[in-house]
Structures are given as C-alpha cells and as structure tokens.
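Reader: I would like a close look at the aromatic residues and the cores around them. Please keep it brisk.

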Amino acid sequence: MEDDVLTTLKILIIGESGVGKSSLLLRFTDDTFDPEQSATIGVDFKVKTITVDGNKAKLAIWDTAGQERFRTLTPSYYRGAQGVILVYDVTRRETFTKLENWLNELETYCTRNDLVKMLVGNKIDRENHELDRAEGLKFARKHSMLFIEASAKTKDGVQCAFEELVEKIIQTPGLWQSDTHGRSVTLSDEDAGGGGCGGYCSLL
C-alpha cells in the first residue's frame with residue numbers, strides 16, 4: 001500500500017450538461033482531450049494521486065451526468081465529499097445562471113458544512129464569450145468559493161484548479177482527518193476488489 005499518501009479525498013465535478021466536466025477530468029487525469037467527448041451516462045470515476053505542498057493526496061474524482069434524468073443518484077453521490085468543482089461554460093450564459101440550482105442541491109445533500117468549493121469557467125479558448133471573468137469572480141466571492149477560468153482544450157488552468165482545491169482542503173484539517181485519516185492505508189485486499197471502484201467503495 002502507499003503508506004506515504006496523506007489522505008484520500010472525494011472530489012465531485014458538477015454543472016450543466018455540455019459544460020466540459022468530463023473534458024476537464026480527462027485533461028487532469030490522463031492529459032487527453034477529445035473534441036467529440038460524448039455525454040456522461042450516470043457517473044464516471046477516476047483516481048489520481050497528486051502532491052501539493054509536499055503532501056501526497058489520492059483523489060477519487062466523481063464526474064456526473066448533467067442531464068436531469070440521471071439525477072436520481074444524487075444523495076449517495078454527494079455523501080462524504082470534501083471538495084466540489086462547479087463548472088460553467090463561458091460561452092453559454094444559461095450554464096452560469098443554473099449554478100444556483102447546483103449550489104442548492106449541494107447544500108441539500110452534502111454531509112459537510114466545510115466542504116471546499118471551486119468555481120471553474122471552462123472553454124475560455126473559444127471566441128464568443130457570454131460571460132467575463134469579473135462575473136465569475138463576483139459569484140464565487142458571494143458563495144465563498146475559489147475561482148479559476150480554464151480550458152480543457154488548451155490545458156489552461158486545469159491543473160491549477162485541482163491543485164488549489166486540494167491545497168485548500170488540506171489546509172482545513174477537520175475536513176479530512178477525522179473521516180479518512182488512516183483508513184486509506186487499512187483497506188484490505190477484499191475491500192479493494194469492489195467492482196472496479198478502486199477500493200474506495202468503503203469510503204462512501
């Protein structure tokens with residue numbers, strides 16, 4: 001087992017369909033970009049270990065479908081998350097106005113008050129922006145969120161978004177120590193065989 005991993009963190013990526021949630025995730029975990037990326041059905045799940053400020057953290061990143069018909073999985077999806085990335089598309093204002101709905105859902109189902117939130121304005125590589133940086137920043141400040149503009153296509157801001165989120169979580173010890181401290185290194189082989197979910201089923 002990786003004894004040097006400080007903690008395992010559950011990170012969610014939420015937002016309207018088509019804003020680029022899966023593209024951001026793939027750019028971060030696999031450094032790939034597919035312009036024909038199809039819509040996520042249900043939930044996608046990736047694991048990546050990163051080092052922030054000398055601390056190694058294993059991230060279990062959950063990417064949800066933005067469409068309404070897949071929203072029945074909501075409560076279990078949010079449970080136990082330490083960080084969330086809310087994504088909107090800077091070229092589609094309606095994806096920004098719907099952020100309030102996502103925040104309401106987060107507050108309804110999330111099991112922690114001190115969860116760290118990061119707002120990401122994606123697709124800044126495109127020409128036809130309907131939102132400027134100032135609007136995103138204002139919304140983020142209003143809701144006590146971190147904020148960054150990014151492009152999954154050009155890689156701008158993607159690594160930084162995840163790293164800043166993890167850094168902030170690690171700086172909030174009560175958020176991760178009480179729940180996961182030690183547990184990530186005590187998973188037995190039986191736990192790790194849980195249907196391809198990387199051994200983290202027991203952390204849900």
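Reader: To set the scene, what pattern does the protein chain follow when read along the sequence? Then take me to the aromatic rings.

Author: This is a predicted model. Along the sequence, the protein chain follows the pattern β-α-β-β-α-β-α-α-β-α-β-α-α-α. That comes to eight helices and six strands. The chain has 204 residues, and buried residues make up 49% of them. Among contacts with a separation of 6 or more, 74% join residues 24 or more positions apart. The accessible surface is about 9900 Å², and carbon and sulfur atoms hold 46% of it.

Now the rings. A pair of aromatic rings is described by the distance of the centres and the angle of the planes. The count here comes to seven aromatic pairs. Take Tyr-78 and Tyr-109. Their ring centres are 6.0 Å apart and their planes meet at 10°, so the pair is stacked; the cut-off for stacking is under 30 degrees. Tyr-78 lies in helix 2 (residues 74–78) and Tyr-109 in helix 4 (residues 99–109), so the pair ties together parts that are 31 residues apart in sequence.

The two partners are covered to different degrees. Tyr-78 has 1% relative accessibility, so it counts as buried, since the limit is under 20%. Tyr-109 has 33% relative accessibility and therefore counts as partly exposed. Both belong to one aromatic cluster, together with Phe-45, Trp-62 and Tyr-77.

Trp-62 leads on from there. The charged end of Lys-10 sits over the ring of Trp-62, 4.5 Å from its centre. A similar arrangement involves Phe-28: the charged end of Lys-48 sits over that ring, 5.3 Å from its centre.

Next, the nonpolar cores. The largest has 29 residues, and Leu-59 and Ile-85 touch the most other members. Several elements each supply at least two residues of this core, including strand 1 (5–14), helix 1 (21–30), strand 3 (55–64) and strand 4 (83–89). Helix 6 gives the largest share, seven residues.

Look at Leu-59 in detail. Leaving aside neighbours within four places in sequence, Leu-59 is in contact with Leu-9, Ile-11, Phe-28, Lys-46, Val-47, Lys-48, Ile-50 and Val-166. Phe-28 and Lys-48, the ring and the charge paired above, are both on that list.

A second, separate core has 24 residues. Trp-62 is in this core, along with Ala-60, Leu-86 and Met-145. Trp-62 thus appears in three settings: in the aromatic cluster, under the charged end of Lys-10, and in the second core.

Note on methods:
Residues are numbered from 1 along each chain as its sequence is written. This is a predicted model: local features need pLDDT of at least 70, side-chain atom pairs count only at pLDDT 80 or more; totals for chains, interfaces and linings use all residues. Side-chain values use heavy atoms; hydrogens and water are left out. A nonpolar core is a set of buried Ala, Val, Leu, Ile, Met, Phe, Trp, Tyr and Cys residues joined through side-chain atoms within 4.5 Å. Buried means under 20% relative accessible area, exposed over 50%, partly exposed in between (1.4 Å probe, protein chains only). Helices (H or I, at least four residues) and strands (E, at least two) are DSSP runs, numbered from the N terminus. Contact means heavy atoms within 4.5 Å. Rings of Phe, Tyr and Trp (its six-membered ring) pair if their centres lie within 6.5 Å; planes under 30 degrees apart count as stacked, over 60 as edge-to-face and the rest as tilted. A charge sits over a ring if NZ of Lys or CZ of Arg is within 6 Å of the ring centre and within 35 degrees of the ring normal. Accessible areas come from the Shrake-Rupley method with a 1.4 Å probe; for residues, only the protein chains shown count as cover.
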